[in-house]
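Subject: Structure for you to look at, with notes

Dear colleague,

Here is the structure I promised to pass on to you. Please open it beside this message, since the notes below are meant to be read with the model in view.

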Amino acid sequence: SIIACHILAFLIVVDAAAITFSRSKYNKGQMRVAIAWQLKAIVELLLILGLTSYQQYTVIWHVIYGAAALAISFFVGPAIFIEEAWQYTEFLGHAFLMSASVLVLVLRPVVLDYSRYLILRDKDNYDKLWSELLSESEATRLLDELHTKVSRMGGSPDLPRQMGVGQQDSQGPVRGGLQRIKTLSRLMSGKFGNNQVAHRDASISFQSQSSQTALDQLRPIRSLDQLFSQAKVMHCILKEKVKSWAEKSNGLVRGGKMYLVNNQIEKGKQGFIQWKEAQNNPSLLQQIRWAGIKTPERAIEKHLRSYGGDVSRLTDICRQSLIFETLEDLNSCLDALLEDKEVTVKRVKNRYHWDYDSAISAGYRDVAINMVIVNEETTDLVLQHHVCELQMILRRFAELKSEEGHKRYVEFRNARAE
């Protein structure tokens with residue numbers, strides 16, 4: 001786009017100079033056409049600059065461009081349309097572009113109203129749960145305690161960014177590289193087990209970091225491939241952390257929905273399993289369904305729709321969730337996080353706050369924490385700047401989620417282009 005702008009600007013200047021020095025050779029009608037082409041080129045240059053710099057206003061830019069092009073076509077005069085039919089076709093093209101863009105602007109509020117209607121019932125159900133929670137005797141004290149602990153965590157209200165770092169470190173390039181190989185080997189043989197996909201992505205993550213220039217400087221990550229490779233490795237490290245926090249706070253993890261009845265598989269309600277009971281029980285361990293990393297399709301949607309193509313804003317590729325029976329347990333988990341010296345909180349989104357507008361999330365509430373984990377493993381793998389997310393949910397809200405409700409929420413999200 002920048003190259004196109006430079007070329008177009010150069011042609012405008014050259015053409016303007018040609019018209020100025022050759023105006024005596026043209027009649028009045030030809031001069032109007034030449035000037036009109038100059039004006040249209042300037043409008044197109046502004047359109048390219050607008051679409052490049054302010055993508056969120058794409059439709060408005062097209063309305064402005066269509067209106068300006070139509071005005072220029074009228075300036076040229078109807079005589080040109082009679083003499084040259086292609087000018088008439090171009091006039092219709094500008095009229096269609098402006099009409100379609102205006103139609104999008106007019107219908108946008110209608111689509112947003114429809115999206116709110118889709119999740120109205122789900123929002124009412126979640127709001128009813130919230131009202132029931134507030135009516136409990138200890139709710140006010142526990143929520144105040146939750147808000148206090150969230151404030152102690154610090155972090156910024158702004159969305160953090162995924163940052164990449166060069167290969168060089170304090171150990172030197174050779175020793176540092178050998179240390180990373182040892183760490184990867186330990187992760188592969190221990191926590192990754194026989195997962196060949198994880199083995200492959202761990203190697204990709206190491207190679208992508210090794211191929212960087214030797215600079216001790218943080219830079220926003222621009223590659224979605226690099227971000228996913230890091231998230232694949234970080235997924236294992238985060239999961240181990242979540243297990244330790246769950247053990248200290250009676251945290252629950254999601255179980256499977258399939259059950260064997262009379263030798264037939266039947267679909268059941270979403271189950272939740274207490275990690276304390278499951279960690280030494282092979283049968284329960286097999287039923288646990290840990291969250292996977294975000295799908296590439298959703299990541300592409302989100303970074304284009306919400307972040308203007310900025311990959312570094314995707315801070316929830318690697319994520320996990322914990323479910324809690326009570327606010328006391330949720331507060332205990334926050335205590336565990338506050339005591340964990342390896343965790344640096346980047347941002348906390350507290351949807352259990354009194355002032356939170358539940359309409360933003362269709363009534364759904366949780367505490368979402370963006371964090372980085374800085375320990376020996378992440379430092380060896382140059383992942384100490386990779387931001388991941390932990391969602392902390394009360395069981396009553398988690399149980400209300402359903403596949404049909406999620407489908408409605410996806411439609412709601414798509415209609416709002418989020």
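The notes that follow go through a helix, its aromatic surroundings, a set of strands, the cysteines and a few single residues.

Please keep in mind throughout that this is a predicted model.

I would begin with helix α6, which covers residues 120–134. Its 15 residues should span 21 Å at 1.5 Å a residue, and the C-alpha atoms at its ends are indeed 21 Å apart, so the expected and the computed length agree. The buried residues of α6 are Asp122, Lys123, Tyr126, Asp127, Leu129, Trp130 and Leu133. Because these residues cover an arc of only 155 degrees around the axis, they lie on the same side of α6. On the face turned away from that buried side you will find the exposed residues Arg121 and Lys128. Leu133, which belongs to this helix, has a relative accessibility of 1% and therefore counts as buried; its C-alpha atom is 10.0 Å from that of Leu143, a residue 10 positions away in the sequence.

The aromatic residues come next, and some of them bring us back to this helix. A pair of aromatic rings is described by the distance of the centres and the angle of the planes. The count comes to 6 aromatic pairs. In one of them, Trp130 and Tyr352, the ring centres are 6.3 Å apart and the planes meet at 20 degrees, which is under the 30 degrees required, so the pair is stacked. This pair links distant parts of the chain, since Trp130 is in helix α6 while Tyr352 is in the loop between β8 (343–350) and β9, 222 residues apart. Both partners are covered: Trp130 is buried with a relative accessible area of 8%, and Tyr352 is buried with a value of 0%.

Another pair, Tyr409 with Phe412, is tilted, with 5.8 Å from centre to centre and 35 degrees between the planes. These two residues are 3 positions apart in helix α17 (residues 403–415), which means that about one helical turn separates them. Tyr409 counts as partly exposed at 26% relative accessibility, whereas Phe412 is buried at 1%.

Ring pairs also link Tyr126, Trp130, Tyr352, Tyr364 and Phe397 into a cluster. When you look at Trp130 in that cluster, please note Arg365 as well, whose charged end sits over the ring of Trp130 at 4.0 Å from its centre.

Turning to the strands, β10 (residues 388–394) is mostly covered, with 6 of its 7 residues buried. Strand β7 (residues 319–324) pairs with β10 in the parallel sense over 6 bridges, and in this pairing Gln320 stands opposite Leu390 of β10. Strand β9 (residues 367–373) runs antiparallel to β10, and 5 bridges join the two; here Asn370 stands opposite Glu389 of β10.

As you may wish to know about the cysteines, a search of the whole structure finds 0 disulfides. For Cys236, the closest cysteine sulfur is that of Cys318, and because the distance between the two sulfurs is 9.6 Å, they are too far apart for a bond. Cys236 is buried, with a relative accessible area of 3%, and Cys333 is likewise buried, with a value of 0%.

Finally, there are a few single residues to look at. Most residues other than glycine have a negative phi. Asn250, in the loop between α10 (224–249) and β3 (252–254), has a positive phi, near 55 degrees, and is partly exposed with a relative accessible area of 27%. Ala362, in the loop between β8 and β9, also has a positive phi of about 55 degrees although it is not a glycine, but Ala362 is buried, with a relative accessible area of 4%. Tyr114 is placed in helix α5 (residues 85–118) and is partly exposed, with a relative accessible area of 45%. Although Tyr114 and Glu411 are 297 residues apart in sequence, their C-alpha atoms are 9.9 Å apart in space.

With best regards

Technical notes:
Residues numbered from 1 in each chain as written. Predicted model: local features only at pLDDT ≥ 70, side-chain atom pairs only at ≥ 80, totals over all residues. Heavy atoms only, no water. Buried < 20%, exposed > 50% of the residue type's maximum accessible area, 1.4 Å probe, protein only. Helix = DSSP H or I, 4+ residues; strand = E, 2+ residues; numbered from the N terminus. Pairing = 2+ DSSP bridges. Expected span 1.5 Å × (residues − 1). Arc of directions from axis to C-beta. Disulfide = S-S within 2.5 Å. Phe/Tyr/Trp six-rings, centres within 6.5 Å; stacked < 30°, edge-to-face > 60°. Lys NZ or Arg CZ within 6 Å of the ring centre and 35° of its normal.
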